[in-house]
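Reader: Got a minute to go through this one with me? I'd like to jump around a bit.

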Amino acid sequence: MTASVPDPLDVPPNPSEPFQPRSGQRGSGFLTGPLRLGTTPSATVGPYLAIGLTWPDGVWAAAEGTQGGVWIRGRVLDGNGDVVPDAMVETWQADPDGRFPSPEDPRGASTYPGFRGYARASTITGEFAVFTLKPGRVPDGEGGLQAPHVDVSVFARGLLDRVVTRVYFADEADANAEDVVLRGLTEEQRDTLLATPTDDGYRLDVRLQGERETVFFAV
């Protein structure tokens, strides 16, 4: 019969002298197995958002087949220029009249049929893609109008919080020249936010770090 091993942390009742429970230090008899060092977990949120928080019709900010609809496509690139294959891209925008699909819009909510203005897409195929309507101009809070743009949040491995940027449109030169946000950036910085026209919409890559890093906003 094997004798039970006393718990090294037990304190005897009414000890006659000060008593210090034994620690788990090797050699104390408490830890007898070989010492093994495992991998230290990294501080990252992992790919879970792209897997768990996207849904099958999430890419449709406007209903499929909506007249005037465009695709906004692009890649999410890390500091080495490599594609991040499990990022989640979230978009929010106004409709072509500059109104948001929300009752909180003081000018009245969007009335475009099938337009929800909100989308989520993953980069599992190597790029994200969102189908939407090109937004109109919205007030800038200073008496002017912002250029047409889409608000974008990116969630990805290694990011403990989202990063926030915007997609502007390279073919809106006049409106872009008046935009209070773009006017506060250098030409090189502005270029990181300008989506270029394609056959079915627009394209813009999001660069998290490195050369031509995308401009991100503190919100």
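Reader: Where along the chain does R212 lie?

Author: R212 lies in the segment after β10 (206–207). Strands here are DSSP runs of E with at least two residues, helices are runs of H or I with at least four, and both are numbered from the N terminus. Before we go on, this is a predicted model, so to speak of local features takes pLDDT of at least 70 and side-chain atom pairs count only at pLDDT 80 or more, while totals for chains, interfaces and linings use all residues. Residues are numbered from 1 along each chain as its sequence is written, and side-chain values use heavy atoms, with hydrogens and water left out.

Reader: Ok. What about phi of R212?

Author: Phi is positive there, near 60°, and R212 is a residue other than glycine.

Reader: And is R212 buried or exposed?

Author: In between: R212 is partly exposed, with a relative accessible area of 39%. Buried means under 20% relative accessible area, exposed means over 50%, and partly exposed is what falls in between, with a 1.4 Å probe and protein chains only.

Reader: Zooming out, how many helices and strands are there in the protein chain?

Author: Four helices and 10 strands. Along the sequence the pattern runs α-β-β-β-β-β-β-β-α-α-α-β-β-β.

Reader: How much of the chain is buried?

Author: Buried residues make up 36% of the 219 residues. The chain exposes about 13300 Å², and carbon and sulfur atoms supply 53% of that; the areas come from the Shrake-Rupley method with a 1.4 Å probe, and for residues only the protein chains shown count as cover.

Reader: What share of the contacts comes from residues 24 or more positions apart?

Author: Among contacts with a separation of 6 or more, 62%. Contact here means heavy atoms within 4.5 Å.

Reader: Give me an example in a strand. What does G69 touch?

Author: Not counting residues up to four places away in sequence, G69 touches F131, T132 and L133. G69 sits in strand β1 (residues 69–74) and is partly exposed at 24% relative accessible area. Its C-alpha atom is 7.3 Å from that of K134, 65 residues apart along the chain.

Reader: Switching to D105. Where is its place?

Author: In the loop between β3 (88–92) and β4 (118–122). D105 is buried, with a relative accessible area of 9%.

Reader: Which backbone nitrogens lie by the side chain of D105?

Author: The backbone nitrogen of F100 lies 2.8 Å from a polar atom of that side chain, and the backbone nitrogen of R107 lies 2.9 Å from one. A polar contact is a pair of N or O atoms within 3.5 Å; within protein, one must be able to donate a hydrogen and the other to accept it, and residues adjacent in sequence count only if both atoms are side-chain atoms. Leaving aside neighbours within four places in sequence, D105 is in contact with G98, R99 and F100.

Reader: T125 next. Buried or exposed?

Author: Exposed, at 74% relative accessibility. T125 is in the loop between β4 and β5 (128–133), and its side chain reaches the backbone oxygen of E127 at 3.2 Å.

Reader: And V180, what does that one touch?

Author: D140 and E142, not counting residues up to four places away in sequence. V180 is in helix α3 (residues 180–183), and at 25% relative accessibility V180 counts as partly exposed.

Reader: Last topic, the empty space. Which residues line the largest cavity?

Author: W92, Q93, A94, F100, P135, G136, V138, H149 and D151. The largest cavity holds about 40 Å³ of space. On a 1 Å grid over the protein atoms alone, a cavity is a set of points where a 1.4 Å probe fits but cannot get out, while a pocket is an open set with protein on both sides within 12 Å along at least five of seven lines; lining residues have an atom within 4 Å of a point. Grid points are joined across faces, edges and corners, and a volume is the space filled by probe spheres set on the points.

Reader: What volume does the largest pocket have?

Author: About 230 Å³. Of the 14 residues that line the largest pocket, the closest to its centre are D151, V152, S153, R162 and V164. β3, β6 (149–155) and β7 (163–169) each supply at least two residues of that lining.
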